[in-house]
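Student: I would like to learn how to read a structure with bound molecules in it. Could you take me through one, step by step?

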Amino acid sequence: MIHIEENVSLRDYNTFGIQAHARYFCSITSEHDLLALMRQEVFKRNTHLILGGGSNLLFTKDFDGLVIKANLKGIDLKEQSEDRVTLQVMSGEVWHEFVLYCVHHGYGGIENLSLIPGTVGAAPIQNIGAYGVEVNEVIERVHGIDLLNGEQKSFTNEQCLFGYRESIFKHTLKEKFFISSVTLTLTRINHRFNVQYGALADTLNALNQPPSLQSISDAVIQIRKSKLPDPSVIGNAGSFFKNPTISKTHYELLQKEHSKIPGYPSVNQDIKVPAGWLIEQCGWKGKRFHHVGVHAQQALVLVNYGGGTGEEIFQLATRISKSVQEKFNITLTPEVNIIGE
Ligand code: FAD
Ligand code: EPU
């Protein structure tokens with residue numbers, strides 16, 4: 001029998017550190033647990049929210065339903081050849097610990113994704129990415145349970161419809177599919193080191209280190225620590241918005257007025273513009289409003305200094321979006337999952 005708690009504080013379960021309560025809360029450690037839970041009235045009668053590490057969520061009010069914390073653990077070596085290894089990893093494993101495990105065992109492909117908070121199960125949901133690598137590059141399959149009928153399902157990489165901070169799990173299957181494990185294939189030899197990202201190459205140079213799984217992981221950790229606030233010190237959920245993509249014509253028009261506007265080629269000749277730059281240009285960087293604010297080192301990160309509410313963060317995000325829309329005619333889309341609006 002799964003233990004269902006009532007009126008549980010979620011403050012320690014979200015990296016924004018927002019105080020909100022779940023009407024019902026339980027933690028599950030196996031697919032078997034989930035199937036048993038699905039037979040209970042508390043599941044059938046309530047809306048539910050699956051929770052990983054809570055590092056990409058904003059609670060704007062109490063959650064009047066059932067929060068299901070995914071706590072499935074284990075790493076299973078499925079296949080190994082001279083040059084590759086395939087691992088099936090349970091969704092409740094901590095992503096960064098898994099990255100360190102891979103670096104330690106000499107498995108290559110996710111070292112650039114070091115220090116991203118959260119769980120393995122959430123990694124495919126927004127196709128986590130950093131420093132030139134996205135997790136879809138190594139994912140073979142995503143396994144789990146259909147929350148409508150309890151059927152076990154497995155999605156191939158192609159079926160996951162991965163894109164920049166996108167996948168089928170964020171859209172068609174949002175809150176309809178429980179991810180129980182992820183299968184990834186990594187390199188054992190001939191690693192394809194990705195050190196194109198400017199800051200990464202510079203840090204490796206400064207450390208006087210040739211690219212290796214360990215040196216890349218170390219450099220990424222160093223860069224991230226210098227720019228991003230540690231959620232255990234200042235509440236945040238990483239980038240609050242996605243980097244927007246605009247047409248080349250729109251970009252060229254903006255360049256006339258803002259000659260320094262950064263832009264990177266995206267698909268269909270579109271241009272990706274760093275949202276952090278847009279937000280900084282609107283004057284928000286480092287601004288504090290009572291308990292909440294915009295991080296001084298990274299304008300794309302909204303922070304809770306302590307005691308802030310989800311609604312305060314949400315209102316700040318809305319004001320930021322509005323100003324970017326007015327100044328640049330660019331619509332910002334939240335990356336963070338807003339729960340309650
Ligand atoms: P949660 O926040 O718990 O959940 C996120 C979403 O996934 C929710 O909709 C939830 O319902 C759903 N979900 C979670 N687990 C499951 C499951 N097992 N089955 C079905 N649905 C599930 N992201 C990047 O891509 N790149 C970065 O560089 C990056 N840097 C960050 C830095 C900081 C300081 C912080 C705080 C966050 C950063 N993030 C980054 C965002 C975040 O770490 C990722 O989105 C991460 O994958 C979220 O994992 P989580 O387990 O905390 O998910
Ligand atoms: N910039 C500014 N001012 C700022 C912040 C950024 O002008 O305050 C400009 C600079 O031109 C800088 C550029 O934005 O060169 C890019 O900044 P950065 O390298 O910090 O990356 P980002 O685009 O802001 C993205 C991801 C991060 C990921 C990093 C590294 C998104 C929404 N964010 O941030 O992911 O870690 O690149 O790859 O794509 C997350 O998703 O939560 C996250 C932290």
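Tutor: We will go through the two ligands, then the cysteines, and then two single residues, keeping in mind that this is a predicted model.

Student: Let us begin with ligand 1; which residues come nearest to ligand 1?

Tutor: The shell around ligand 1 holds 33 residues, and those that come nearest are Ile50, Gly53, Ser55, Thr119 and Arg224. Sorted by class, this shell contains 16 nonpolar, 14 polar and three charged residues.

Student: Which polar atoms of the protein should I look at around ligand 1?

Tutor: It helps to ask whether each protein atom belongs to the backbone or to a side chain. At Pro117, a backbone N or O atom lies 2.9 Å from an oxygen atom of ligand 1, while at Gly129 a backbone N or O atom lies 2.8 Å from a nitrogen atom of ligand 1. Arg165, by contrast, uses a polar side-chain atom, which lies 3.4 Å from an oxygen atom of the ligand.

Student: How much of ligand 1 does the protein bury?

Tutor: Ligand 1 exposes 990 Å² when taken alone, and the protein buries 95% of that area. The elements giving two or more residues to its shell are the strands β3 (48-51), β8 (129-130), β12 (177-187) and β13 (235-239).

Student: Now for ligand 2: how many residues surround ligand 2, and which are the closest?

Tutor: There are 22 residues around ligand 2, the closest being Tyr131, Tyr164, Tyr197, Glu280 and Glu335. By class, the shell divides into ten nonpolar, five polar and seven charged residues.

Student: Where are the polar atoms that lie by the oxygen atoms of ligand 2?

Tutor: Two of them are in side chains: an N or O atom in the side chain of Tyr164 is 2.7 Å from an oxygen atom of ligand 2, and a polar side-chain atom of Asn243 lies 2.9 Å from an oxygen atom of this ligand. Ala299 instead offers a polar backbone atom, which is 2.9 Å from an oxygen atom of ligand 2. Taken alone, ligand 2 exposes 830 Å², of which the protein buries 81%.

Student: Which elements supply the shell around ligand 2?

Tutor: At least two residues come from each of α5 (213-227), β13 and α7 (275-281), and α7 gives the largest share, three residues. At the level of domains, domain 2 (75-226) and domain 3 (228-339) each contribute at least three residues to this shell.

Student: How many disulfides are there?

Tutor: A disulfide is a covalent bond between the sulfur atoms of two cysteines. Here the count comes to zero disulfides. Cys102 shows what this looks like in space, for the nearest cysteine sulfur, that of Cys160, is 18 Å away.

Student: Are the cysteines Cys26 and Cys102 buried or exposed?

Tutor: Cys26 counts as buried because its relative accessible area is 1%, and Cys102 is likewise buried, with a value of 0%.

Student: What can I read from a single residue, such as Thr183?

Tutor: You can ask for its place, its accessibility and its contacts. Thr183 sits in strand β12, counts as buried at 9% relative accessibility, and has a side chain joined to that of His143 by a polar contact of 2.7 Å.

Student: And where is Val324 found?

Tutor: Val324 is found in helix α8 (residues 310-328), and its relative accessibility of 0% is why this residue counts as buried. Val324 and Ser232 are 92 residues apart in sequence, and their C-alpha atoms are 29 Å apart in space.

Key
Residues numbered from 1 in each chain as written. Chains lettered and ligands numbered in written order. Predicted model: local features only at pLDDT ≥ 70, side-chain atom pairs only at ≥ 80, totals over all residues. Heavy atoms only, no water. Near = heavy atom within 4 Å. Polar contact = N/O pair within 3.5 Å; in protein donor to acceptor, adjacent residues only side chain to side chain. Areas by Shrake-Rupley, 256 points an atom, 1.4 Å probe, with all protein chains shown as cover. Helix = DSSP H or I, 4+ residues; strand = E, 2+ residues; numbered from the N terminus. Nonpolar A, V, L, I, M, F, W, Y, C, P; charged D, E, K, R; others polar. Domains from an automatic or database assignment. Disulfide = S-S within 2.5 Å. Buried < 20%, exposed > 50% of the residue type's maximum accessible area, 1.4 Å probe, protein only.
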